[in-house]
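Trainee: I would like a close look at one part of this model, the annotated modified residue and its surroundings. Please take it slowly and then work outward from there.

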Amino acid sequence: MQPTATVLVYSDNAHTREQVRLAAGRRPAADVPPVEFLECATLPAVLDALEHGGIDVCVLDGETAPAGGMGVCRQIKDEIFRCPPVLVLIGRPQDAWLATWSRADAAVTLPVEPVEFADSLAALLRTRLSVGA
């Protein structure tokens, strides 16, 4: 198992980024490595981080403005070679179809529910780390 996993968190809302960090904790599941967070509040910061590599999972806030997480997800799935798995935060359960349109690998609703979020994040980390191994 690798020593840590890097999770990029994109939201223009510092409180949402904090919810993600707190919900995931230091280690979202016993069988995944501890996580380190890279917080981004703007689309250029997200694109720069992905270009530099080393990101294991992206968490994108669908409610961010002006570049929402679902549009960003679709863009990075098209533009980033071997794009990491993406978990999109959606405002309401009815927006799940938009998460599918964006090609997100998973979606959870806001406000972040810790158990659901940690389970989804851990599943994406397992997938990414097994593929990368």
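Mentor: What follows starts at the annotated site and moves outward to the loops and helices.

The model is predicted, and the annotations come from an unreviewed UniProt entry. In that entry, the label "modified residue: 4-aspartylphosphate" falls on Asp61. The record also places a feature, "domain: Response regulatory", at residues 6-125. Within the model, the span 6-125 is 42% helix and 21% strand, and its end C-alpha atoms lie 9 Å apart.

Asp61 belongs to strand E3, which covers residues 57-61. Its relative accessible area is 2%, and because buried means under 20%, Asp61 counts as buried. Leaving aside residues up to four places away in sequence, Asp61 has contacts with Tyr10, Ser11, Thr16, Gly68, Gly69, Leu89 and Leu110. Several of these partners lead to other parts of the chain. Gly69 falls within helix H3, which spans residues 69-79. Leu89 falls within strand E4 (86-90). Leu110 takes part in a cis peptide bond, described next.

There are two cis bonds to note. Leu110 is joined to Pro111 by a cis peptide bond with omega about -5 degrees. Pro111 sits in the loop that connects strand E5 (106-109) to helix H5 (114-132). The other cis peptide bond runs from Ala65 to Pro66, with omega near 5 degrees. Pro66 is in the loop between E3 and H3. That loop follows the strand that holds Asp61.

Now the helix packing. Two packed helices are described by the angle between their axes and the distance between the axes. Helix H2, residues 43-52, packs with helix H3, residues 69-79, at an angle of about 30 degrees, and the axes are 12 Å apart. Angles under 35 degrees count as roughly parallel, and H2 and H3 are therefore roughly parallel to each other. The crossing of H2 past H3 is right-handed. On the H2 side the contact is made by Leu43, Val46, Leu47 and Leu50, and these meet Val72, Gln75 and Ile76 on the H3 side. Sorted by type, the residues of this contact are six nonpolar, one polar and no charged.

Beyond H3, two arginines deserve a check of their backbone angles. Arg82 lies in the loop between H3 and strand E4. It is not a glycine, yet its phi is positive, about 55 degrees. The relative accessible area of Arg82 is 65%, so Arg82 is exposed. Arg103 also has a positive phi without being a glycine, at about 70 degrees. Its place is the loop between H4 and E5. With 34% relative accessibility, Arg103 counts as partly exposed.

Last is helix H4 itself, residues 96-101, which contains Trp97. The cut-off for exposed is over 50%, so Trp97, at 58% relative accessibility, counts as exposed. Measuring from C-alpha to C-alpha, Trp97 and Glu116 are 18 Å apart in space and 19 residues apart in sequence.

To return to the start: the residue under the annotation, Asp61, is buried, and its contacts include Leu110, which is joined to Pro111 by a cis bond.

Technical notes. Residues are numbered from 1 along each chain as its sequence is written. This is a predicted model: local features need pLDDT of at least 70, side-chain atom pairs count only at pLDDT 80 or more; totals for chains, interfaces and linings use all residues. Side-chain values use heavy atoms; hydrogens and water are left out. UniProt positions are given in the numbering used here, feature names are shortened, and annotations may be inferred rather than shown by experiment. Helices (H or I, at least four residues) and strands (E, at least two) are DSSP runs, numbered from the N terminus. Buried means under 20% relative accessible area, exposed over 50%, partly exposed in between (1.4 Å probe, protein chains only). Contact means heavy atoms within 4.5 Å. Axes are lines fitted to C-alpha atoms, for helices over the stretch in contact, and angles run from 0 to 180 degrees between N-to-C directions. Angles under 35 degrees count as roughly parallel, over 145 as roughly antiparallel, 65 to 115 as roughly perpendicular and the rest as oblique. A crossing is left-handed if the near helix is turned anticlockwise from the far one by less than a right angle, and right-handed if clockwise. Ala, Val, Leu, Ile, Met, Phe, Trp, Tyr, Cys and Pro count as nonpolar, Asp, Glu, Lys and Arg as charged, and the others, Gly among them, as polar.
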